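Colleague: Could you take me through one part of this model in detail? I would like the surroundings as well as the part itself.

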Amino acid sequence: MKILIVDDSSTMRRIIGNVVMQLGYAKDDFDEAEDGVKAWKLLSESQYDIILTDWNMPNMNGLELVKKVRSEGNHQKVPIIMITTEGGKNEVITALKAGVNNYIVKPFNAEVLKEKLDGVLK
C-alpha cells in the first residue's frame, strides 16, 4: 500500500503520517509533498494507492491537484481524500464534483481517518 500525503504544513504531514502508522502502515508506505506541484512530480514518478491532500496550499492547491489527477496521467482512479479546514457545504460539494472520494474537516482524529480510509479502499 503506497500513500501520498500532501499538505503545506510539515506539522500536519507529520500528524497524518503518525495516524497512518497507528493504523498499521509503515513509514515506507507513504511519501510527502508540501504542495500540488511536488505531489504531481511524485505522482509522475511512482504509483500510489491513495492520495490524502489538503486544500489550501501554495503553487498548486489541493482542488487543482484533484482536477489534474482526475484528468491526466495514470492515477485517474486512485482514491483521494481531502483533509482540510474548508468545512462549508459549498466547499465539500466543489471537492466532490472535482473528484475527491471522501472529505475530512480538520481537526480530526485517527478514528475518522481510519473510517474514511477503510471506506475508499474497500
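Modeller: Start with His75. Leaving aside neighbours within four places in sequence, His75 is in contact with Leu43, Ser46, Gln47, Tyr48, Val69 and Arg70. Bear in mind that this is a predicted model. His75 sits in the loop between α3 and β4. Is His75 buried or exposed? Its relative accessible area is 2%. The cut-off for buried is under 20%, so His75 counts as buried. The His75 side chain also makes a polar contact: it reaches the backbone oxygen of Ser46 at 3.2 Å. Ser46 is thus named twice, once among the contacts of His75 and once as the partner in this pair.

Two of the residues that His75 touches, Val69 and Arg70, lead back into helix α3, which covers residues 62-71. Take its start. Asn61 caps the N-terminal end of α3, with a side-chain oxygen 3.0 Å from the backbone nitrogen of Leu63. Now the other end. Just after α3, Gly73 has a positive phi of about 70°.

Next, the body of the helix. Gly62, Leu63, Leu65, Val66 and Val69 are buried in α3. Where do these buried residues fall, seen down the axis of α3? They lie within an arc of 160°, so they line one face of the helix. An α-helix has 3.6 residues a turn, so residues three or four places apart point the same way. What covers the buried residues of α3? The cover includes strands β1 (3-6), β3 (50-53) and β4 (80-84). Helices α2 (36-45) and α4 (89-98) are also part of that cover.

Of these, α4 deserves a closer look. Helices α3 and α4 pack at an angle of about 20°, and their axes are 9 Å apart. Angles under 35 degrees count as roughly parallel, so α3 is roughly parallel to α4. On the α3 side, the contact is made by Leu63, Val66, Lys67 and Arg70. On the α4 side, Thr94, Ala95 and Ala98 take part. By class, this contact has 4 nonpolar, 1 polar and 2 charged residues.

Some residues recur. Leu63 and Val66 are buried and also help make the contact with α4. Val69 is buried and touches His75. Arg70 is in contact with His75 and belongs to the packing of α3 against α4.

Finally, a reference point elsewhere. Arg14 lies in helix α1 (residues 10-22). Arg14 is partly exposed, with a relative accessible area of 49%. Its C-alpha atom is separated from that of Gly73 by 27 Å, and the two are 59 residues apart along the chain.

Terms used. Residues are numbered from 1 along each chain as its sequence is written. This is a predicted model: local features need pLDDT of at least 70, side-chain atom pairs count only at pLDDT 80 or more; totals for chains, interfaces and linings use all residues. Side-chain values use heavy atoms; hydrogens and water are left out. Buried means under 20% relative accessible area, exposed over 50%, partly exposed in between (1.4 Å probe, protein chains only). Helices (H or I, at least four residues) and strands (E, at least two) are DSSP runs, numbered from the N terminus. The arc is that of the directions from the helix axis to the C-beta atoms. Contact means heavy atoms within 4.5 Å. A polar contact is a pair of N or O atoms within 3.5 Å; within protein, one must be able to donate a hydrogen and the other to accept it, and residues adjacent in sequence count only if both atoms are side-chain atoms. Axes are lines fitted to C-alpha atoms, for helices over the stretch in contact, and angles run from 0 to 180 degrees between N-to-C directions. Angles under 35 degrees count as roughly parallel, over 145 as roughly antiparallel, 65 to 115 as roughly perpendicular and the rest as oblique. Ala, Val, Leu, Ile, Met, Phe, Trp, Tyr, Cys and Pro count as nonpolar, Asp, Glu, Lys and Arg as charged, and the others, Gly among them, as polar.
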